[in-house]
Amino acid sequence: MRTLNVALGSRSYPIQIGRDVLADTSLILPFLKTKRVAIVTNDVVGPLYLKRLEEALDAANVRTSVAVLPDGEAHKDWQTLNLIFDKLLAERCERSTTLIALGGGVVGDMAGFAAATYQRGMPFIQIPTTLLSQVDSSVGGKTAINHPLGKNMIGAFYQPKLVLADIRTLDTLPDRELRAGLAEVIKYGLIRDPAFFEWLEGNLEKLLQRDADALAFAVERSCANKAEVVAADETEQGERALLNLGHTFGHAIETGMGYGNWLHGEAVAAGTMMAAELSRLLGWLSSADVARIEALFARAGLPVVGAKMPVEQYLDLMAHDKKVEAGRLRLVLLRQIGRAVIHGGSAAPMIASAITARI
C-alpha cells in the first residue's frame, strides 16, 4: 500500500494505491458520513467489479444503490448525467449519501459532477479502474461533461474524500486503454519530472507487460506530481494549467472526430507532439528533443500524428478551449524536457505550422 495526500487544508484527502484494495471497507468506511452509498459505474466495469464492492459494503451494513451508465466518451453528456440524478432521486438519496465512482475517467468525471450538484453537494469517493483515471482524472477534483463544441466545457471543481486506486484492475484493462493511459504518465515527465521521463524510457516495456511493481511506481509517481500541482493551484489559475500539455490540440481532435473515436490519451499524445513541434519552432526544443519525445510515444503504441482535419478546423475548435483568455489562446509548451510553460504569444500561422507538421 502506498499513501499520498492531496494537501488542500480542511478538504485534504488521501490517495491509496495498492493491490486488491478495491473492496477494502477499512479504507472506505472512515469517509462515509452515513452507512448509505450510491455507486456509479458503467456496463463494462460493473460486471467485473461491482459485485465485489457491493458485497463488501453489504457485509459492513452499508446500504447501496447503483446507477449503471453506458460506456464511452460518446455518452459523457447531459442525457447520461441525468441517469445518475434519476437513480439518486428514485432511491431518495440524501445529501449525506456518499457517491462512489467505480470506473474510468468518464465515470469519475460524471459522478463527480453529479456529486457537486445533487442537492448542492454530496460527498464522493473515486475508485478509478483504468490507468488514465488512476494517474490523472481521479485526482484533483475536475468534474465535467462534454458539449458538441468542446470537451469538458461544463463542469465544476469538486474534490473527492478519497481516491482508492487498485492496481489489480489494470489486469482487465484492454491494451488500447492501457496505452492511452501511458500518454498521461509520460506527460508528467515532460512537464516537471525529467528523472521520471528517463525512468519511463528505461522501463516502458515493463509497463506494457503490466509488471505490477512498475505500474505501482508509475501510478504513485504520477499521482505525487499531480497532488503537488493541485495543492499549489486547485482551480487552475496558474501552475495547474501545465497539466494540460497536449490537451488543447488533443481536445480539438476528440471533438472534431467525434467523442470516443480517439481515446483521450491517444489524442493527448498526438497533441503533445504538436506542442513539441511548436516548442521547436520557438527555438526551445531541439530536433533531437522532439525525436526523443516521439520515440517514447511510438514505443508506447500511441499516435505521433494527429487526425487529418483541416488546420482551420483545429484552430476553430481550439478557440473554444478553457485556456483562452481575453481572446488569446494560451498553450502549454516545453522549454525543455521536464520544464513546461504557459505561452500566449504564438501567432496563428506558427500554430498552424506546428499542426501541419503533425498531420
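The following exercises, each with a worked solution, concern a predicted model.

Residues are numbered from 1 along each chain as its sequence is written, and side-chain values use heavy atoms, with hydrogens and water left out. In this predicted model, local features need pLDDT of at least 70 and side-chain atom pairs count only at pLDDT 80 or more, whereas totals for chains, interfaces and linings use all residues.

**Exercise 1. Helix α4**

Task: Determine how the span of α4 relates to the expected value, and state which residues of α4 are buried.

Solution.
Step 1. Helices (H or I, at least four residues) and strands (E, at least two) are DSSP runs, numbered from the N terminus. Helix α4 covers residues 105-117, 13 residues in total.
Step 2. The expected span is 1.5 Å times one less than the number of residues. From first C-alpha to last, α4 reaches 18 Å, close to the 18 Å expected.
Step 3. Buried means under 20% relative accessible area, exposed over 50%, and partly exposed in between (1.4 Å probe, protein chains only). By this criterion 12 of the 13 residues of α4 are buried. They are G105, V106, V107, G108, D109, M110, A111, G112, F113, A114, A115 and A116.

**Exercise 2. Positive phi in loops**

Task: For Q119, N61 and R210, give phi, the loop and the exposure class.

Solution.
Step 1. Most residues other than glycine have a negative phi, and most peptide bonds are trans.
Step 2. Q119, just after α4, takes a positive phi of about 50 degrees. Q119 lies in the loop between α4 and β6 (124-128) and counts as partly exposed because its relative accessibility is 35%.
Step 3. Contact means heavy atoms within 4.5 Å. Leaving aside neighbours within four places in sequence, Q119 is in contact with C93, E94 and R95. Q119 and E94 are 25 residues apart in sequence, and their C-alpha atoms are 7.8 Å apart.
Step 4. N61, which is not a glycine, has a positive phi of about 65 degrees. N61 is placed in the loop between α2 (46-59) and β4 (63-69), and is classed as exposed because its relative accessible area is 60%.
Step 5. R210 has a positive phi near 65 degrees. The loop between α7 (194-208) and α8 (212-232) holds R210, which is buried because its relative accessible area is 18%.

**Exercise 3. A buried loop residue**

Task: Locate T97, classify its exposure and list the residues that it touches.

Solution.
Step 1. T97 is found in the loop between α3 (78-90) and β5 (98-103).
Step 2. With a relative accessible area of 1%, T97 is buried.
Step 3. Not counting residues up to four places away in sequence, T97 touches T34, R36, V37, A38, M122 and P123.

**Exercise 4. The β12-β13 hairpin**

Task: Describe the pairing of β12 and β13 and the residue with a positive phi in their hairpin.

Solution.
Step 1. Two strands pair if DSSP finds at least two bridges between them. β12 (residues 331-336) and β13 (residues 339-343) pair in the antiparallel sense over 5 bridges.
Step 2. R339, in β13, is the bridge partner of Q336.
Step 3. The hairpin has 2 residues between the strands, and G338 takes a positive phi near 100 degrees.

**Exercise 5. Enclosed space**

Task: Characterise the cavities of the structure by volume, lining and residue class.

Solution.
Step 1. On a 1 Å grid over the protein atoms alone, a cavity is a set of points where a 1.4 Å probe fits but cannot get out; lining residues have an atom within 4 Å of a point. Grid points are joined across faces, edges and corners, and a volume is the space filled by probe spheres set on the points. The search finds 2 cavities of 30 Å³ or more.
Step 2. The largest cavity holds about 90 Å³. L149, G150, K151, M153, T248, H251, A252, T255, L317, M318, H320 and D321 line the largest cavity. The largest share, 4 residues, comes from α9.
Step 3. Ala, Val, Leu, Ile, Met, Phe, Trp, Tyr, Cys and Pro count as nonpolar, Asp, Glu, Lys and Arg as charged, and the others, Gly among them, as polar. The lining of the largest cavity has 5 nonpolar, 5 polar and 2 charged residues.
Step 4. The second largest cavity holds about 30 Å³. Its lining consists of N244, G246, H247, T248, F249, A275, K323, L331 and V332. α9 and β12 each give two or more residues to the lining of the second largest cavity. By class, this lining has 4 nonpolar, 4 polar and 1 charged.

Technical notes:
1 Å grid on protein atoms, 1.4 Å probe; cavity = no way out; pocket = protein on both sides within 12 Å on 5 of 7 lines; lining within 4 Å.
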